[in-house]
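Thanks for coming. I have one structure to go through today, and I will keep it short.

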Amino acid sequence: AGGSTWMDRIDRWRQREREAILRRVPQAREAGVLTGLAVGDQAAIAPEDWDVLRRTGLAHAVSVSGTHVAMLGSLCAALARRLWSRSQRLCRLLPAPTAAGWVAVAGAAAYALLSGGGVPAQRTVWTLAAMTALRTLGRAWPWPLVWLLCAVAVTVLDPFALMQAGFWLSFVAVAVLMSAGAEPVDVQLAKGSAAVRTGAWLRAEAMAMWRTQRLVSLALMPLSLVCFQQVSLVGMVANLWAVPVFGGLITPLALAGVVWPGAWDLAAACTGLAFKALQALSATPVAVWGSPSPPLWVAVLAVLASFALAMPGPWRWRSLAMPFLLPLLCLPEPWRVLPRPAQGQFAAIALDVGQGTAVLVRTAHHQLLFDTGASVPAGGDMGARVVLPVLQALGVRRLDTLLISHQDNDHVGGALSVVQGVPVALLRSSLPATHPLLQWAGPAGHPLPHQPCVAGQSWQWDGVRFELLHPTAEDLAHRQALSTNALSCVLRVAAASAPAQSLLLTGDIEAAQERALLSRSASGQLRSTVLVVPHHGSST
């Protein structure tokens, strides 16, 4: 409230516009998309909507991307050129195309600043500025030099941009388009092409859309698998119609609403219709292809191979790069970040979910997840933020068992996201029958198969023994008299072959349950290689 810098004033303006959109547009989805496009605030977009956008390869369409910034700049340039050309005096001072170029830079920079200044927006502004400056000076640089200059400028201003996937996706896409001769909108605008000058660039872009999407999809597929371990197979089809709709219709309406709020109503209606089509595409069984996280050398070779395939030239030469993509698409088990354990052995991965528990146990052909971390009061949960990305990176596409130790939030809070994101064959837990997770109906309309944890249950997977040690049937029968912690499932995992390693997962049992567990266990039964300390090491 006490900020007085120009950045503080911009932030306050963005917040006012965000609140105005939320008041004007009652639908949560539509309001979230409009705030993302108008002021670059994507916090109001629900996780399930993000999932639809990711599965259709359109997460960039609801953020302030380089295309959106360039389109706004082109509108500013067209208006400036028309007005500037009416004055002979102004044209003698500076040619109208040159003046229009600098107006485009100013308009694009203003939009980038007011929308948060993301990496793709910064890249577009620097490209526009560099190309316009060269054009003003009568110079021509090869595209790699302009591309490198813009990358350096973004990195100098924000060194941490190198850690963002958006940096690499944005610059790789532009490099592929420029090297293949299919120049992005911002480069066309900066060069003052005839299509932009006459306002016919939309028609030219529509004619080139298929080629552009083919090149970008081919170039970014390996990079998407490296960064996110998944790529949309319907993204090319979705982008062909959704990019013009979001970039050429919804985004201008979202911006026009800042001046005339009625434009937000029309933009919301268009957004609702667009999402219906996207949901249908997202629901197709082949919408997404996933791959485990590859080693660095496989990732580098695959990205270079996709770049070579997008280059102009005879197909018979470009096709030689295709074999270098195969390891990324079908990554052999020994090359994975964490290969599957051998027969008779298991691997345990404790996931960093903050306050809470989430442990993945894998055998040669099976996997069990013990707890899922917490849900977050501000929105989201550790199941979506941590557990699912780790499962994707490891190539785990199915859980044979999801074991929820008890109903405290820091153990079950992320479970719903997990069961929605990956198939689960069996749920084991000490949850009461009324718990929402037991009532959840999956895609087939049926609840998850559920088996209560009871001491004495055991099973074997690939020569590895799993045994439940707590709670007892008597504990479950008197659950009303016990705390949720006292009902925590305790699981021991033991490898059959050498080295005979073992793991003891204890949930949140407290001192009384520890004593009871010791008293009814045979000598040495609880001895384990690794112990996950009960109740996070609390005084109980």
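**The sheet and its surroundings**

Strand 6 and strand 7 run parallel to each other and are joined by three bridges. Within that pairing, Leu403 has Arg428 in strand 7 as its bridge partner. I should say now that this is a predicted model.

Staying with strand 6, which covers residues 401-404, Thr401 and Leu403 point to one side, Leu402 and Ile404 point to the other, and all are buried. As a reminder, side chains in a regular strand alternate between the two faces of the sheet.

On to strand 5, residues 367-370, which pairs with strand 6, again in the parallel sense and over three bridges. Here Leu368 has Thr401 of strand 6 as its bridge partner. The connection between these two strands goes through helix 18, residues 382-394, and strand 5, helix 18 and strand 6 together make a right-handed β-α-β unit.

Strand 7, residues 427-429, also pairs with strand 8, parallel and over three bridges. Leu427 is matched there with His450 in strand 8.

Now the whole sheet. There are six strands in an open sheet, in the order 3-4-5-6-7-8, and the pairing is mixed. Strand 3 (347-350) and strand 8 (450-452) are the edges; each has a single partner strand, so one side of each has no neighbour in the sheet. From one strand to the next, the twist averages 20 degrees.

Next, the surface. Which residues form the nonpolar patch there? They are Trp297, Leu301, Phe324 and Trp335, with about 400 Å² of accessible area together. Trp335 sits in the loop between helix 17 (326-329) and strand 3. Its relative accessible area is 36%, so Trp335 is classed as partly exposed.

Last, the charged pairs. The count of salt bridges is six. One of them joins the side chains of Asp49 and Arg29, at 3.0 Å from N to O. This pair links distant parts of the chain, with Asp49 in helix 3 (residues 47-55) and Arg29 in helix 2 (residues 28-39), 20 residues apart. Asp49 is buried, at 5% relative accessible area, while Arg29 is partly exposed at 24%.

Arg336 and Glu333 form another salt bridge, at 3.7 Å from N to O. Arg336 counts as buried at 19% relative accessibility, because the cut-off is under 20%. Glu333, at 25%, is partly exposed.

Glu467 and Arg465 also meet in a salt bridge, at 3.8 Å from N to O. Glu467 is buried at 17%, and Arg465 is partly exposed at 36%.

That is what I have; questions are welcome.

How values were computed:
Residues are numbered from 1 along each chain as its sequence is written. This is a predicted model: local features need pLDDT of at least 70, side-chain atom pairs count only at pLDDT 80 or more; totals for chains, interfaces and linings use all residues. Side-chain values use heavy atoms; hydrogens and water are left out. Two strands pair if DSSP finds at least two bridges between them. Helices (H or I, at least four residues) and strands (E, at least two) are DSSP runs, numbered from the N terminus. Axes are lines fitted to C-alpha atoms, for helices over the stretch in contact, and angles run from 0 to 180 degrees between N-to-C directions. Buried means under 20% relative accessible area, exposed over 50%, partly exposed in between (1.4 Å probe, protein chains only). A crossover is right-handed if, with the strands pointing away from the viewer, the path from the first strand over the helix to the second runs clockwise. Patches are made of residues with over 30% relative accessible area and no salt bridge: like charges are joined within 9 Å, nonpolar side chains (Val, Leu, Ile, Met, Phe, Trp, Tyr) within 5 Å. Accessible areas come from the Shrake-Rupley method with a 1.4 Å probe; for residues, only the protein chains shown count as cover. A salt bridge is a side-chain nitrogen of Lys or Arg within 4 Å of a carboxyl oxygen of Asp or Glu.
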